[in-house]
Amino acid sequence: MARDRYRRSARGNRLGLAVVGTVLLLVGLAALAVGQGLLGAGPAGQTLLNDVVQGVLAQQWVPYVVVAVAFVAAFLSLRWLMAQGIHDTVRRLSLESGGEGRVLIDEGVVSDAVEREVGDYPGVRRVRVHLTESVHHPHLRLALTLDEDADVAQIWNRVRGEALANLRRSLGLDEVPAVVRMTMTAPSRHARRSLA
């Protein structure tokens, strides 16, 4: 399920950040210890590119290792970026499936219908709809931007009693779990004043 995928992705993000942070912390503490002379006066007084380091860098295998490490780092970074861009919106919904085939409907058709219906409610300025989770058991995410003087309770009752009921009936489902987020537009800074 999409929720499990996102939990794994979040767990992977936390683990990766913890590993990178721990490695950087250890390197920083080691550099601080060497610089303060805690590992002896010899290493603290040497230059960073001393004869030993320059001898290692002159080896023939060093450029290949650097290129290999760069490729691995680039691959891991690209994979992480692609994982961040994955969203859980389903592209199609399965209305019926049987021995003769399946009936699929595009998610955009359903989203547009809900957006049009809820967008016509008084006080609703903007509507964003996403169907998530599963092709067979979709969940609805509904983000509403309301006018500053909108009747929030009335809009909520209409969304619950009309829009969600119509969606369930249209999809032939007993339930469609929904998350409804409502935000109000900011009041205008310079309200119009009328002269009496």
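1. Let's start with one residue pair: T132 has H139 as its bridge partner in β4. This is a predicted model, so read everything below with that in mind. T132 sits in β3, which covers 124-132, and H139 belongs to β4, residues 139-146. The two strands form a hairpin with six residues between them. One of the residues to look at there is E133, which takes a positive phi near 80°.

2. Now follow the rest of that pairing. β3 and β4 run antiparallel to each other, and eight bridges join them. Besides the T132 pair, R128 is bridged to A143 in β4, and V127 has L144 as its partner in β4. If you want to check the register on screen, these pairs are handy places to look.

3. What does β4 pair with on its other side? The sheet order is β3-β4-β5. β4 and β5 pair in the parallel sense, over seven bridges. L144 turns up again here, with M182 as its bridge partner in β5. So L144 is worth a click: V127 in β3 is bridged to L144, and so is M182 in β5.

4. Taken as a whole, this is an open sheet of three strands with mixed pairing. β3 and β5 (178-184) are the edge strands, each pairing on one side only. On average, neighbouring strands are turned by 10° against each other, direction ignored. Helix α5 packs on the sheet, where α5 touches β3 and β4, and the direction of α5 makes about 155° with that of β3.

5. Is β4 mostly covered or mostly open? Mostly covered: six of its eight residues are buried. For the protein chain as a whole, buried residues make up 20% of the 196 residues. Keep that figure in mind when you look at β4.

6. Next, the helix pair. α5 (residues 107-119) and α6 (residues 152-171) pack with their axes 11 Å apart, at an angle of about 155°. Angles over 145 degrees count as roughly antiparallel, which is why α5 and α6 are described that way. The crossing of α5 past α6 is right-handed.

7. Which residues make the contact between α5 and α6? On the α5 side they are V110, V114, E117 and V118, and on the α6 side V159, E162, A163, N166, L167 and L171. By class, the contact of α5 with α6 has seven nonpolar residues, one polar and two charged. From the residue names, the charged pair would be E117 and E162, with N166 as the polar one.

8. Two single residues are worth a look, one in each helix. R116 lies in α5 and is exposed, with a relative accessible area of 55%. A165 is found in α6, and A165 counts as buried because its relative accessibility is 15%. The cut-offs behind those words are under 20% for buried and over 50% for exposed.

9. Both of these residues also give you a spacing to check. From R116 to R126 the C-alpha to C-alpha distance is 10.0 Å, with the two 10 residues apart in sequence. A165 and V176 are 11 residues apart along the chain, and their C-alpha atoms are separated by 9.0 Å.

10. Last, the overall layout. The protein chain has six helices and five strands. From the N terminus the elements run α-α-α-α-β-β-α-β-β-α-β. As for contacts between residues at least 6 apart in sequence, 55% of them join residues at least 24 apart.

Terms used
Residues numbered from 1 in each chain as written. Predicted model: local features only at pLDDT ≥ 70, side-chain atom pairs only at ≥ 80, totals over all residues. Heavy atoms only, no water. Axes fitted to C-alpha atoms, helices over the stretch in contact; angles between N-to-C directions. Helix = DSSP H or I, 4+ residues; strand = E, 2+ residues; numbered from the N terminus. Parallel < 35°, antiparallel > 145°, perpendicular 65-115°, else oblique. Left-handed = near helix turned anticlockwise from the far one by under 90°. Contact = heavy atoms within 4.5 Å. Pairing = 2+ DSSP bridges. Buried < 20%, exposed > 50% of the residue type's maximum accessible area, 1.4 Å probe, protein only.
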